[in-house]
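Visitor: Please take me on a close look at one part of this protein. I would like to see how a single spot sits within the rest.

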Amino acid sequence: MQSVKNRGPERSPAQYDAVERVLEQFTQLVEDRLAALARGRDREKVIALGIQALSEARASLTSIPIKKSLPATKLKASDVISQGLVSLSQATLYRAAENGRFYFITPRGRSIGREFPAWQFIEPVPELIEPVLHQLENQPSSEIHAFWVGAVDDINELSPAELLAGKPFETRIEVHESQRRLLSLPASERLRKVQELAELYTRGMADIIG
């Protein structure tokens with residue numbers, strides 16, 4: 001199967017601190033075991049090589065960048081692929097969107113063309129967005145995008161996109177404490193809240209049409 005996003009997982013600052021603590025404990029444990037098990041003339045050399053290997057591994061693991069905000073840009077399918085946001089061909093990306101894994105919109109002022117809002121490719125969104133998109137599948141693409149990026153009173157003026165991702169848009173000047181608490185909820189809880197918002201949104205659109 002082709003996978004979405006061929007990059008390492010992105011971590012929040014709290015997750016990053018937790019990883020640091022685990023790595024510190026693991027490093028100390030291995031150093032202690034090396035010192036206890038190494039024998040003979042090469043004992044010091046073996047310990048030194050082991051510690052060097054641990055340091056290199058730790059540096060590699062902790063160098064993963066933390067994506068703290070969502071991009072507000074829109075991308076052509078070719079740009080999505082060239083930037084490594086998905087491990088899909090252009091045709092497969094379009095099919096994935098048609099099947100409700102992602103969504104695209106028609107550029108403003110044009111009757112044809114497709115652009116993909118970039119925020120939906122930032123982890124953990126690709127793992128969470130599909131059930132919500134299925135709730136919105138009967139809406140025009142412009143309304144789907146309006147749902148995702150519009151501020152909502154019920155979630156303290158965050159947008160559903162921000163709540164789903166657990167990250168604010170890069171264009172947001174300030175994140176208040178009440179908003180930060182919502183963004184810090186477990187992914188399953190954030191998804192549940194967004195699904196409730198999508199249900200209200202589609203019901204409201206149906207009332208307007210009716």
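Guide: Of the 210 residues in the protein chain, 34% count as buried. Keep in mind that this is a predicted model. The chain exposes about 12,600 Å², and carbon and sulfur atoms supply 52% of that area. It holds 10 helices and two strands.

Now zoom in on Ser 159. This residue sits in the loop between H7 and H8. Is Ser 159 buried or exposed? Its relative accessible area is 1%. Buried means under 20%, so Ser 159 counts as buried.

What surrounds it? Leaving aside neighbours within four places in sequence, Ser 159 is in contact with Trp 148, Val 149, Gly 150, Ala 151, Phe 169 and Arg 172. Trp 148 deserves a second look. Its backbone oxygen is reached by the side chain of Ser 159 at 3.5 Å.

Trp 148 also leads us to the largest nonpolar core, which has 28 residues. Trp 119, Val 132, Phe 147, Trp 148 and Leu 164 touch the most other members there. Helices H5, H6, H7, H8, H9 and H10 each supply at least two residues of this core. Another core, of 13 residues, lies apart from it; Leu 75, Leu 93, Phe 102 and Phe 121 are among its members. In soluble globular proteins, nonpolar side chains tend to be buried together.

Follow Val 132 next. Residues up to four places away in sequence aside, Val 132 touches Phe 147, Trp 148, Leu 191, Val 194, Gln 195 and Ala 198. Trp 148 thus appears in two contact lists: that of Ser 159 and that of Val 132.

Terms used: Residues numbered from 1 in each chain as written. Predicted model: local features only at pLDDT ≥ 70, side-chain atom pairs only at ≥ 80, totals over all residues. Heavy atoms only, no water. Helix = DSSP H or I, 4+ residues; strand = E, 2+ residues; numbered from the N terminus. Buried < 20%, exposed > 50% of the residue type's maximum accessible area, 1.4 Å probe, protein only. Areas by Shrake-Rupley, 256 points an atom, 1.4 Å probe, with all protein chains shown as cover. Core = buried A, V, L, I, M, F, W, Y, C linked by side-chain atoms within 4.5 Å. Contact = heavy atoms within 4.5 Å. Polar contact = N/O pair within 3.5 Å; in protein donor to acceptor, adjacent residues only side chain to side chain.
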